[in-house]
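The following exercises invite the reader to work through a structure one step at a time. Each task is followed by a worked solution.

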Amino acid sequence: MGKSTSIRAAIIGAGPRGTSVLERLLAHAATLSGSVAVHIDVIDPYPAGPGHVWQPAQSRLYLMNTQSFYPTIIPEDPRLPAPLAGATFDQWRARQRTDPSPTLTPEELEELAVLESRDFPSRALYGRYLRCTVEELLGRLPDGVTVAFHETAAESVHRTGDALDVGLGSGGSLTVDSVVLALGHIPSRLNLEQRELQASAGQLGLRYLPPAVPADVDWSAIPAGEPVLVRGMGLNFFDAMGQLTEGRGGKFIDAGAGLEYQPSGQEPLIIAASRRGTPYRAKAALDGYYPSSVTLRYLTEASLERFAAAGILPGFDHDLWPLLHRDTLWAYYSTLVRSQPGAVPDVPAFLAALDEAMRPHAHSSTNWEDAVESVLAVHVGPRHRLDLLGLASPLAGRSFPSRADLDAAVVDYLLDDARRSALGEQDPVKMAIGALHRGRAVLKTAVADGGITDESWVAGLRGWFESFVEGLASGPPALRAEQLAALARTGVVSFVGPDPRFSVDRRARRFTAVSPWVGGQPVTATTMVEALAPANRVAANDSPLLQQLLDDGLVRPRLMMTAEGAPVEATGLDVRPHPYRPVAANGSVTDGLYVLGLQLSATQWGTAIAAEAVQPGGPVYASGQRTLRDADEIAQAILGA
């Protein structure tokens, strides 16, 4: 008997988000009656699973920013239809060590042989996991389901009656009932300063490397032995650092008293600059993703429910940050008295007084900090006080006679940060950051879908907190801090200083950078690298598909109102939950079109972070597998399940 109902869906974007939608469509399709035929078109120039960012053939020096136990694209929620195949990355890693797939390369087998649950895998290996997951799913297709892959770009989506036509870069089009936009990182137009730098480079014969996915950059174009300006000291910086040092034959050697670097002679002189003047703080050595000794006491699900029960739409600075600020202070000082006996003379009295000072109901939001300061003045000496905001700007308030003095200060900072990371749960600073890390997971749920006021999203969450918390809680493995210190001591890396200003000396035909806090002449170079990811702003996109959707009014950026009542374009699309469907230019909802991933950045916060596998004995935050639940909702809507 033939199929009486036919459903055809297209997934544009075959990276992790698109793969999650594919997996959920297959899981739900397996529960349908035999009278439904489902065809799924997956469209991406890159192979399905890894997509663009996670290509298995990229350099193994590019590491993930999470440990093996963390990521997954397979949901573990018993309320959802069971996956037909697949596992978390850590489960896949363990399985490949005992029963390796015949598709694994010698390099992948070599990495797997030494990769443990708490180690940071290469992005290439994570890409292989994603590809293997797709292959396993294809081997277990439910009856009546077919999947076709189109390794080309989707260049347009047009409505034709009740259907949608997807135009392909390779020619022709697909007519489908539903389209999922799982676009991931999209090309972005440069900002004004970047365009001017790029234009000057073209006129003067300089090298300017704009923001890009690191695996797309031709690092061999940077000459050995010459200065190269690198702007940005976040995660992309460490990718650049690795390619220009180890990637050119240099070696890090454990000399007993710390790492040393043996140059190959092919390195450039890396001159690094960022607003803070220092890189992100390194991750602490922990048994899990979150420190087990830190529990949130103030920013809790119960506190969020109280806002809802009172009919309050919270503001970030006024309502949410004071709770997380308290949690961070408590994590620091409770760790201090536990790990450093004698730092506080009367521990019971101190903790009791601190607890009373921080009770949200005991003091108004304008004076609880004063109450805490009074307690600290009595019990804690200046040397042991926490300067929370200063953690993210360790050079603030300092000036340096020369760049040599600056370099020495940055090396001291890096080594101290690595030392604290090694102490793990015994270090008060890292546990304060651990509270921020936990708090971020709670905030993702609290602020999603209009959970806070527009003005506090613009000015608070995105205005200052995002940069602050990323610099503290989104850093690299501690090994990277030690490596950077070794490179600086060897003279392969130097630093510009805080608040750098970049320009072009047209007469000398060189890029220049200078910090107002560092003496001496500006640094100069004929090559400049933007160690930044392309801007995740839909209004600044350089994607033919997204631009066509905007031009035709099928989608629009979300507008938010500032405290002054002025509308500003947010980074992501305007969408209606749930599932997320884009709002058209005329305010209607575009039927049959769904959005998942980075383009939800005006509705969800932290959309770039992978789904979190459930860890035995660890906390289960609702935000951990939010993207997988979003994919499940889309699959249900497409199939009418």
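**Exercise 1.** Is Asp 632 buried or exposed?

*Solution.* The model is a predicted one, in which local features need pLDDT of at least 70 and side-chain atom pairs count only at pLDDT 80 or more, while totals for chains, interfaces and linings use all residues. Residues are numbered from 1 along each chain as its sequence is written, and side-chain values use heavy atoms, with hydrogens and water left out.

Step 1. Fix the terms: buried means under 20% relative accessible area, exposed over 50%, and partly exposed in between, with a 1.4 Å probe and protein chains only.

Step 2. Apply them: Asp 632 has a relative accessible area of 1%, so this residue is buried.

Step 3. Locate the residue: Asp 632 belongs to helix H17, residues 626–639. Helices (H or I, at least four residues) and strands (E, at least two) are DSSP runs, numbered from the N terminus.

Step 4. List the neighbours. Leaving aside residues up to four places away in sequence, Asp 632 touches Arg 24, His 28, Leu 80 and Pro 81; contact means heavy atoms within 4.5 Å. With Arg 24, the side chain of Asp 632 also makes a polar contact of 2.9 Å. A polar contact is a pair of N or O atoms within 3.5 Å; within protein, one must be able to donate a hydrogen and the other to accept it, and residues adjacent in sequence count only if both atoms are side-chain atoms.

**Exercise 2.** Determine which strands pair with strand E5 and why E5 is largely enclosed.

*Solution.* Step 1. Strand E5 spans residues 163–168, and five of its six residues are buried, so the rest of the structure largely encloses it.

Step 2. Two strands pair if DSSP finds at least two bridges between them. Strand E4 (residues 154–160) pairs with E5 in the antiparallel sense over six bridges. Strand E6 (residues 173–176) also runs antiparallel to E5, joined to it by four bridges.

Step 3. Follow one residue across the strands: Asp 165 of E5 is the bridge partner of His 158, and Asp 165 also stands opposite Thr 175 in E6.

Step 4. Examine the turns. The hairpin of E4 and E5 has two residues between the strands, and Gly 161 there takes a positive phi near 65°. In the hairpin of E5 and E6, with four residues between the strands, Gly 171 has a positive phi near 105°.

**Exercise 3.** Describe the cavities of the structure and their linings.

*Solution.* Step 1. Rolling a probe the size of a water molecule over the atoms shows where empty space is left. On a 1 Å grid over the protein atoms alone, a cavity is a set of points where a 1.4 Å probe fits but cannot get out, and lining residues have an atom within 4 Å of a point. Grid points are joined across faces, edges and corners, and a volume is the space filled by probe spheres set on the points.

Step 2. The whole structure holds six cavities of 30 Å³ or more. The largest cavity has a volume of about 300 Å³. Its lining comprises 27 residues, with Lys 444, Trp 605, Gly 606, Ile 609 and Ser 623 nearest the centre. Helices H13 (428–447) and H17 are the elements that give two or more residues to this lining, and H13 gives the most, with five.

Step 3. The second largest cavity has a volume of about 200 Å³. Among its 17 lining residues, Lys 283, Ala 284, Leu 286, Tyr 289 and His 437 are the closest to its centre. Here the elements giving two or more residues are H13 and helix H14 (454–473), and H13 gives the most, with five residues.

**Exercise 4.** Which peptide bonds involving His 578 are cis?

*Solution.* Step 1. Most residues other than glycine have a negative phi, and most peptide bonds are trans.

Step 2. A cis bond joins Pro 577 and His 578, with omega about -20°. Another cis bond joins His 578 and Pro 579, with omega about 0°.

Step 3. His 578 lies in the loop between strand E20 (575–576) and strand E21 (581–582).

Conventions. 1 Å grid on protein atoms, 1.4 Å probe; cavity = no way out; pocket = protein on both sides within 12 Å on 5 of 7 lines; lining within 4 Å.
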